[in-house]
Amino acid sequence: MLVSSRKLFDGLNPQQAEAVRRTEGPVLVLAGAGSGKTRVITRRIAYLVAEGIAAPEEILALTFTNKAAEEMRSRIAELVGRKVAERILLSTFHSFCLRVLRAECEHVGYRRNFTVSGEADTRAIVRRMLDDVAAVKESFSPAIVLERISLVKSGKTNLQADDSAKKDGANGQSTDAKYGKWLPDFYDRYQSALRAANTMDFDDLLLLTLRLWREHPRILARYQKQYRYIMVDEYQDTNRTQYELLSALVAAHRNLCVVGDDDQSIYAWRGAGIENILDFEREYHEAAVVRLEQNYRSTTTILQAANGVILNNRFRREKTLWSDLGAGRSIDWIVTGDDEHEAKEMVHWLQHILQKSNADFGDFALLYRSNLQSRPLEIALRQASIPYEVYGGQDFFERSEVRDVVAYLRTIANPWDETAFLRIVNVPRRGIGDVTLHEVHDLCRAESLSLGKGLSQALTRGKVAQQAEQGIRSFLAILTEFRRRFRECEGQLAATLLQLLDAIGYQAELVRTSKSADQANMRWANIEAMVGAMADYERSTPKPTLSGFLDTSSLDTSDFKGRGSRERRKDAVSLMTIHSAKGLEFPFVFVMGIEEGLLPHDKSMDEASIEEERRLFYVALTRGQRHVTLFEAMSRIRHGRERMTTTSRFATEIPEHLVNRHVRAARDLVELRVAPNGNAKAKPGKRNAKRGTSRR
């Protein structure tokens with residue numbers, strides 16, 4: 001049942017209502033932190049349907065996480081009904097592009113049964129690629145190689161070596177120059193390996209869709225005709241490739257509404273381009289701009305502090321957050337001796353707030369710039385018997401046992417997936433040695449065979465050691481049998497997976513390879529959770545397939561890590577990086593380590609990076625609903641040594657009248673303790689003359 005158009009504006013402020021009503025042409029909604037952007041997006045979509053402006057199938061809403069897409073769908077269903085909401089495509093960029101490529105992949109040289117390789121799989125491809133490049137005399141980090149390739153694919157950089165990079169004295173060549181020199185060759189080899197394995201990485205999903213549309217205008221025209229109204233959430237996080245995808249898709253009608261906040265653009269290291277939102281009117285000169293500045297989350301004090309900080313950025317759009325939730329308490333700034341002292345003072349302060357308020361443990365978030373900062377915090381919380389949860393750790397689908405099972409499923413779905421095949425060929429152990437695999441690999445390259453076909457040919461030609469024959473025959477028989485079973489299982493995917501696990505004896509393998517019975521049980525519980533996830537997928541999908549499940553599981557891990565994708569415990573303190581806190585809110589926020597070298601990070605000292613670091617601090621402040629506390633340590637262990645620190649420039653940008661400063665350590669004593677051999681020439685107050693006083 002459709003809600004009336006008039007009711008869609010209930011509870012909206014004038015700016016939110018304007019954003020909902022502007023349905024034609026390009027629209028930029030500058031949505032400050034906590035300004036109700038999800039409400040605007042969902043009401044606008046419902047308005048398009050309720051007014052008969054667009055059919056549900058003509059609307060495409062793109063965001064960055066599956067959780068955000070599902071939250072939108074739930075809210076829209078409340079407004080227009082579940083059946084109508086299901087006809088609207090609410091998707092991540094990657095899921096949308098995967099949908100396009102599943103239908104059109106032959107046009108870009110892929111088979112229909114292609115798989116999507118996650119981070120661990122692409123690292124394995126790069127490791128093998130580096131091993132194959134005999135001419136490389138230097139050592140390269142697979143992670144850095146992948147990072148550089150990803151930046152090329154996202155349009156953040158190009159393949160040309162940077163000859164202007166400064167040399168460093170150690171080897172006469174900077175890291176940038178070293179990687180830049182080899183990047184074109186690495187890129188070509190990496191793409192060839194992906195194509196040979198009939199697999200794509202996450203960036204390829206976007207890049208190949210863009211290539212498809214550029215090379216086949218008729219296909220693009222079909223999608224342009226289908227999706228007449230397009231909305232994009234978190235537009236400040238789009239990269240160049242996503243920008244070009246959107247430009248192509250809306251070229252015929254220009255009905256593009258983007259929602260975002262340049263002050264919360266914190267993903268440049270992933271390729272995001274803040275210029276997409278700053279320069280929106282250059283591409284769409286007729287665009288309407290709507291500013292959402294009323295904040296429904298935080299106290300006036302928190303917002304004034306955040307505004308005071310972000311005003312120091314040169315490259316931003318003018319906006320000032322305000323709230324009618326009252327002034328609230330001043331920002332507390334606690335100065336401690338070192339990182340262990342910081343952790344103990346944090347616990348005392350948390351306990352103090354618990355005593356003075358009706359707060360629960362789940363109301364607290366401890367935010368930090370680097371995961372390395374969590375260790376002393378965890379120790380202090382454990383010693384105080386305070387329950388806590390660390391977020392942003394290992395993804396479920398990155399766990400070793402889960403990757404094993406996924407690799408079996410990928411090999412069954414796509415016989416050409418070399419990375420998956422090599423992972424499972426000896427899991428459990430079958431006596432298939434490296435010499436045999438190298439010979440088979442050479443045969444596959446020479447005759448364009450999949451590894452499975454290569455093993456079969458090696459058996460036929462008598463090129464396999466006798467002790468490996470039985471293992472190879474058993475392995476190939478299992479793959480053949482379960483390709484048939486998964487093809488014919490008719491909605492019994494989870495049951496078929498259990499049959500596969502039984503056939504390979506995987507539970508016994510976990511017992512054999514685990515350090516203890518408890519660890520084996522825990523690892524098997526992860527496998528059971530995966531079987532449960534497959535069963536959930538079957539129940540929620542009209543025509544479930546093995547490839548569909550693999551698409552779903554791989555894309556769940558492609559979401560930007562730390563956008564609130566994991567449910568929070570209500571009975572535990574949350575520990576997470578500031579990046580992980582993006583999109584979340586907490587009554588009480590502690591920001592740890594407000595020092596130069598941490599925030600801003602010592603690897604982010606050029607002007608553009610400093611502005612992004614300032615935005616990161618702004619994001620940290622605006623997570624707070626009732627109160628924010630800053631923690632600073634006068635010394636900290638960095639790179640294995642204790643060093644004196646300097647106060648973060650960002651903390652000193654908060655207007656002085658908004659801060660209460662509490663100094664909990666004597667600076668002179670800290671300087672003497674940190675100095676080598678205790679022979680410091682302490683100069684109290686030199687670094688910060690205000691350190692011994694309170695700012696009020």
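How many bridges pair β9 and β14, and in which sense? Let's start there: β9 and β14 pair in the parallel sense, and the pairing takes five bridges. One matched pair to look for is Trp 333, which stands opposite Leu 630 in β14.

Before we go on, keep in mind that this is a predicted model. The protein chain has an average pLDDT of 88, and 91% of the residues score at least 70. I'll come back to the weaker spots at the end.

So, staying with β9. On its other pairing, five bridges join β9 to β17, and those two run parallel. There, Asp 332 stands opposite Asn 660 in β17. Now, is β9 buried or exposed? Six of the six residues of β9 are buried, so the strand is largely enclosed by the rest of the structure. You can see that on both faces: Ile 331, Trp 333 and Val 335 are buried on one side, and Asp 332, Ile 334 and Thr 336 are buried on the other. As a reminder, in a regular strand the side chains alternate between the two faces of the sheet.

Let's zoom out to the whole sheet. It's an open sheet of seven strands with parallel pairing, and the order goes β11-β12-β10-β13-β14-β9-β17. At the edges you'll find β11, residues 388-390, and β17, residues 659-663, each pairing on one side only. On average, and ignoring direction, neighbouring strands here are turned by 20 degrees against each other. Then there's a helix on this sheet: α14, residues 300-310, packs on it and touches β9 (331-336) and β14 (624-633). The direction of α14 makes about 50 degrees with that of β14. Over at the β11 edge, three bridges join β11 to β12, residues 573-577, and these two run parallel as well. Glu 389 has Ser 574 of β12 as its bridge partner.

Okay, next sheet. What is the strand order in the open sheet of six strands? Reading across, we get β3-β2-β6-β7-β1-β8, with parallel pairing. The edge strands are β3 (89-92) and β8 (288-292), and each of them pairs on one side only. Neighbouring strands in this sheet are turned by 15 degrees against each other on average, direction ignored.

The strand I'd click on here is β1. Strand β1, residues 27-31, pairs with β7, residues 256-260, in the parallel sense over four bridges. Along that pairing, Val 27 stands opposite Cys 257, and Leu 30 stands opposite Gly 260. β1 is also joined to β8 by five bridges, again running parallel, and there Val 27 stands opposite Ala 288. As for cover, five of the five residues of β1 are buried. Val 27, Val 29 and Ala 31 point one way, while Leu 28 and Leu 30 point the other way.

There's a helix to look at here too. Helix α3, residues 66-80, lies across β2 (59-63) and β3, and runs at about 160 degrees to β3.

Now for some helix pairs. First up, α6 (residues 119-132) and α7 (residues 142-153): their axes come within 9 Å and cross at roughly 110 degrees. The two are therefore roughly perpendicular to each other. On the α6 side, the contact includes Glu 119, Arg 123 and Val 126, and on the α7 side Pro 142, Val 145 and Leu 146. By class, the residues of this contact divide into six nonpolar, one polar and three charged.

The other pair is α17 (residues 400-413) with α21 (residues 466-488), packing at an angle of about 75 degrees with axes 9 Å apart. These helices are therefore roughly perpendicular to each other. Tyr 408, Leu 409, Thr 411 and Ile 412 in α17 meet Phe 475, Leu 479, Phe 482, Arg 483 and Phe 486 in α21. This contact has seven nonpolar residues, one polar and one charged.

Last thing, as promised: where is confidence lowest and where is it highest among the helices and strands? The low end is helix α28 (residues 667-674), with a mean of 80, and the high end is strand β13 (residues 586-591), at 98. Two stretches stay under 50 in pLDDT: residues 162-172 and residues 677-696. The model has 11 contacts beyond four places in sequence for residues 162-172, and 45 for residues 677-696. Where pLDDT is low, the predicted coordinates should not be read in detail.

Definitions and conventions. Residues numbered from 1 in each chain as written. Heavy atoms only, no water. Axes fitted to C-alpha atoms, helices over the stretch in contact; angles between N-to-C directions. Parallel < 35°, antiparallel > 145°, perpendicular 65-115°, else oblique. Contact = heavy atoms within 4.5 Å. Nonpolar A, V, L, I, M, F, W, Y, C, P; charged D, E, K, R; others polar. Pairing = 2+ DSSP bridges. pLDDT = per-residue confidence, 0-100. Buried < 20%, exposed > 50% of the residue type's maximum accessible area, 1.4 Å probe, protein only.
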